[in-house]
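Visitor: Hi, I have a new chain open in my viewer. Could you walk me through it?
Guide: Happy to, let's put it up on screen.

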Amino acid sequence: MKRIALVLAGLIALTLPARAEVAIEEVTSANGHVAWLVNEPALPFTALEIRFRGGTALDRPGKRGAVNLMVGLLEEGAGDLDAQGFAETREALAASYGFDSGDDTISISAQFLTENRNQAVDLLHEALTAPTFEGTALERVRTQVLSHLASRASDPSSLAGDAFDSAAYGNHPYGSYDGGTVESVSALTRDDIVNAYRDTMVLDRIHVAAVGDISAEQLGPLLDQLFEGLPQTGAAMPDRVEFGLPGGTTVVPFDTPQSVALFGHNGIEREDPDFFAAYLVNTVLGGPSSISRLMNEVREERGLTYGIGSYLIPADWTESVLGQFSSQNAVIGEAINVVRDEWAKIASEGITQEELTAAQTYLTGSYPLRFDGNANIANIMVAMQLEGLPIDYIATRNEQVMAVTLDEANRVASELYRPDALHFVVVGQPEGVVSN
């Protein structure tokens, strides 16, 4: 088994070269399931990525952590197999499955050899359609989740994220950690897990991408085989929520020599025509160290942190621009002032042509490096579907990056970055920093 697993790992890494010329075709099965496919028969291996839109945001009121716990149980017994039997069958097939949950999606990853394709899909079908949620497995996975939650209670970054999200999004699912709390997870029953499954694992919110040794004629029946038995629809999607945290500072006292700061305000939607301009401007402000103003001013010039960045976060039901860094308690106040100054500077003065060109060169040059294996390409394709991007996006993406002009970038910088709205949540014992 170890030899087969090593072969499979090698195939995952080596199947496709780094490139951005990807020929995608849309496949529709007899039962109406749609998938995007890259047929790459060079090696007898396929990567499959499945997303169920909704994710942990569909936790029922008072049941926070149910979807996360449910997803952790999908391979802990299915059909006639208990957890050990499922694992042994998977290993005998040299197949690999991954199950994960996030605010907006449940993610299923599968990699399998061509010779074992049908059996590997049958086993995954059992996990998707007939999980047992057996009591012993439930308690074992619950214990693992509770251990993780206990460790988060002493992690300054987690505390900062929780405080920031709670203040920004309140009672919306985005306002709390999607793994739940010790209290909520401890109280979950098997019925709660079954309800979470029924709310989320449904046909009308599936997105699929496949890359590897499989043709369109083979993929269609595979989709029908895989999803047979899933219900059509589940729980209603959550409402949209606006970023509700005003400008200012919140200090969360915590005994640590180094404080963590999380900062941000509302952002820009992914489908906004100005998104690429915003993406380029943010690359200049808080992107890679060779370009980033924040890295240059906070780390290189003043040595106040080991690392800092800013990010556009276009979630399904809100959007934000966020950043984070850590500094010694004695100097984090100075670091916060530098970040505020840079935020105000990019809003009022914009960026230079030299900076725009450097950001465009970086983004277009690094893009092909993402396409370094079947699984990565499948991940990119399913993310494109979730974001509503066209099937030819990979071919046109760099052109869109290069089409942004300096005037467009600076107009968007003045609209997106609002120094008066910037809020810092600081966890630690920051000297000279107070809540306001």
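Visitor: Let's begin with H12. Which of its residues are buried?
Guide: In this predicted model, the buried residues of H12 are Ile332, Gly333, Ala335, Ile336, Val338, Val339, Glu342, Trp343, Ile346 and Ala347.

Visitor: And how does the span of H12 compare with what 1.5 Å a residue should give?
Guide: The two agree: H12 has 18 residues, 332–349, so a span of 26 Å is expected, and its end C-alpha atoms are 25 Å apart.

Visitor: What comes just after H12?
Guide: Gly350, and its phi is positive, at about 75°.

Visitor: Nice. Which residue follows H9, and what is its phi?
Guide: That one is Gly229, with a positive phi near 105°.

Visitor: What about the span of H9 itself?
Guide: H9 covers residues 216–227, and its 12 residues should span 16 Å at 1.5 Å a residue. The end C-alpha atoms of H9 are 17 Å apart, which agrees.

Visitor: Which residues of H9 are buried, and what do they pack against?
Guide: The buried ones are Ala216, Leu219, Gly220, Leu222, Leu223, Asp224, Leu226 and Phe227. They pack against five strands you can pick out by number, S1 (25–28), S2 (34–39), S3 (45–53), S7 (105–113) and S8 (206–212), and also against helix H4 (117–129).

Visitor: Let me follow up on H4, then. His125 is in there; is His125 buried or exposed?
Guide: His125 counts as buried, because its relative accessibility is 16% and the cut-off for buried is under 20%.

Visitor: What does His125 touch, leaving aside its neighbours within four places in sequence?
Guide: His125 is in contact with Ala130, Gln225, Leu226, Phe227 and Glu228. Of these, Leu226 and Phe227 are among the buried residues of H9.

Visitor: Back to backbone angles. Which residues other than glycine have a positive phi?
Guide: Ala94 is one of them, with phi near 55°, and Phe133 is another, with phi near 50°.

Visitor: Why would I look twice at those?
Guide: Because most residues other than glycine have a negative phi.

Visitor: Where do Ala94 and Phe133 sit?
Guide: Ala94 is in the loop between helix H3 (83–92) and strand S6 (96–101). Phe133 is in the loop between H4 and helix H5 (135–152).

Visitor: Buried or exposed, for Ala94 and Phe133?
Guide: Ala94 counts as buried at 6% relative accessibility, and Phe133 counts as buried at 4%.

Visitor: Switching topic: where is Asp407, and is Asp407 buried or exposed?
Guide: Asp407 belongs to helix H16, residues 406–416. Asp407 is exposed, with a relative accessible area of 66%.

Visitor: How far apart are Asp407 and Pro253?
Guide: They are 43 Å apart in space, C-alpha to C-alpha, and 154 residues apart in sequence.

Visitor: Now zoom out. How many helices and strands does the chain have?
Guide: There are 16 helices and 13 strands.

Visitor: What is the radius of gyration of the chain, against that of a compact globule?
Guide: The chain has 23 Å, which agrees with the value near 22 Å for a compact globule of 436 residues. Along its principal axes, the C-alpha trace spans about 60 × 50 × 40 Å.

Visitor: And what share of the residues counts as buried?
Guide: 53% of the 436 residues. The accessible surface comes to about 18600 Å², with 51% of that belonging to carbon and sulfur atoms.

Visitor: Last one: how are the charges placed?
Guide: The chain has 27 positive and 60 negative charges, and their mean positions are 2 Å apart.

Technical notes
Residues numbered from 1 in each chain as written. Predicted model: local features only at pLDDT ≥ 70, side-chain atom pairs only at ≥ 80, totals over all residues. Heavy atoms only, no water. Helix = DSSP H or I, 4+ residues; strand = E, 2+ residues; numbered from the N terminus. Expected span 1.5 Å × (residues − 1). Buried < 20%, exposed > 50% of the residue type's maximum accessible area, 1.4 Å probe, protein only. Contact = heavy atoms within 4.5 Å. Rg over C-alpha atoms; globule rule 2.2 N^0.38 Å. Areas by Shrake-Rupley, 256 points an atom, 1.4 Å probe, with all protein chains shown as cover. Lys, Arg positive; Asp, Glu negative; His and termini not counted. Charge placed at Lys NZ, Arg CZ, Asp CG, Glu CD.
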